[in-house]
Amino acid sequence: MKTKLYNQEGEAIGEIELPEEIFGQKINPDLLHQVVVSYQKNQRQPIAHTKNRGEVRGSTRKIWPQKGLGRARHGDRRAPIFRKGGVAFGPRNEKKLKVKIPKKMKRKALVMALSAKAKDNEIVVLDKLTLEKPKTKIFAKILENLKKNVESLKKGSILICLPEKDEKIYLSARNIPQVSVLEAKNLNAFEVLKFKNLILLERTVEVMKKFFQK
């Protein structure tokens, strides 16, 4: 599978072969959906928390005698029936929301997500991406040049996948709306599908080949 290769000035300088085993696989929507939903579940944080009758403030003394007054039987004032008492069946932050995803499923879903992007012409490959210093204005200009020549980049969000960590690029891109930077080793199906367009470097493709050969 061949696609155009661009430089960071937005000029097409040739073509690059994308490996078929990564960018040309058949898509299984059910498996892809299962993995993406699992990623979303694993990002949830159980924040909502209520106190039960053992955690609220108040005396543990029985409020009135069991018999003799003609009233209903009660224990202490911390019971859920009373105002300022504990909550009987409220949400607790002890709930475990994590879902385990098999390693093979993660990789298969990532391949499917990349194949879907390649099929829809939403992948752009650059020969390199370098900055002398972190500068948002310079990085925004690079993206502007790319958008002039690449039709798919004119609309939607952009994920830039780097072969290794580059602090200059990360700092330059973090204040640009709808643009995110990620290392190749941290790439997953959820992040690929979350963004409309995917920008890869030539070396990123090589890193992907090594990763999927393991």
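**Entry 1: Asn197 and its surroundings**

I started at Asn197 and listed its contacts, skipping neighbours within four places in sequence: Lys117, Glu122, Ser152, Leu153, Lys155, Gly156, Ser157, Ile158 and Leu159. A reminder to myself before going on: this is a predicted model.

Next I looked up where Asn197 sits, and found it in strand β6, which covers residues 197–201. Is Asn197 buried or exposed? I get a relative accessible area of 1% for Asn197, so it counts as buried, the cut-off being under 20%.

**Entry 2: Leu200 and the nonpolar core**

I stayed with strand β6 (residues 197–201) and moved on to Leu200. Leaving out residues up to four places away in sequence, I see Leu200 touching Phe23, Ile123, Val124, Val125, Leu126, Cys161, Val205 and Met208.

Which residues of the largest nonpolar core touch the most other members? My list reads Phe23, Leu114, Leu187, Leu200 and Met208, out of 32 residues in that core. I then checked which elements give two or more residues to this core: they are α1 (20–23), α2 (29–42), α3 (103–119), β3 (123–126), β4 (158–162), α6 (189–194), β6 and α7 (202–213). Helix α3 provides the largest share, six residues.

I also noted a second, separate core of 21 residues. Among its members are Leu131, Ile176, Val179 and Ile199.

**Entry 3: the chain as a whole**

Now I stepped back to the fold. I count seven helices and six strands in the protein chain. Going along the sequence, I read their order as β-β-α-α-α-β-α-β-α-β-α-β-α.

How many Å is the radius of gyration of the protein chain? I find 27 Å, whereas a compact globule of 214 residues would come near 17 Å. I put the spans of the C-alpha trace along its principal axes next to that: about 95 × 40 × 30 Å.

For contacts, I took pairs of residues at least 6 apart in sequence, and 68% of these contacts join residues at least 24 apart.

**Entry 4: burial, surface and charge**

I looked up burial for the protein chain, and 41% of its 214 residues count as buried. The exposed area comes to about 14100 Å², with carbon and sulfur atoms supplying 50% of it.

My last look was at charge. I have 48 positive and 23 negative charges in the protein chain, and their mean positions lie 17 Å apart.

Methods: Residues are numbered from 1 along each chain as its sequence is written. This is a predicted model: local features need pLDDT of at least 70, side-chain atom pairs count only at pLDDT 80 or more; totals for chains, interfaces and linings use all residues. Side-chain values use heavy atoms; hydrogens and water are left out. Helices (H or I, at least four residues) and strands (E, at least two) are DSSP runs, numbered from the N terminus. The radius of gyration is taken over C-alpha atoms; the globule rule is 2.2 Å times the number of residues to the power 0.38. Buried means under 20% relative accessible area, exposed over 50%, partly exposed in between (1.4 Å probe, protein chains only). Contact means heavy atoms within 4.5 Å. Accessible areas come from the Shrake-Rupley method with a 1.4 Å probe; for residues, only the protein chains shown count as cover. Lys and Arg count as positive and Asp and Glu as negative; His and the chain ends are not counted. The place of a charge is taken as NZ of Lys, CZ of Arg, CG of Asp or CD of Glu. A nonpolar core is a set of buried Ala, Val, Leu, Ile, Met, Phe, Trp, Tyr and Cys residues joined through side-chain atoms within 4.5 Å.
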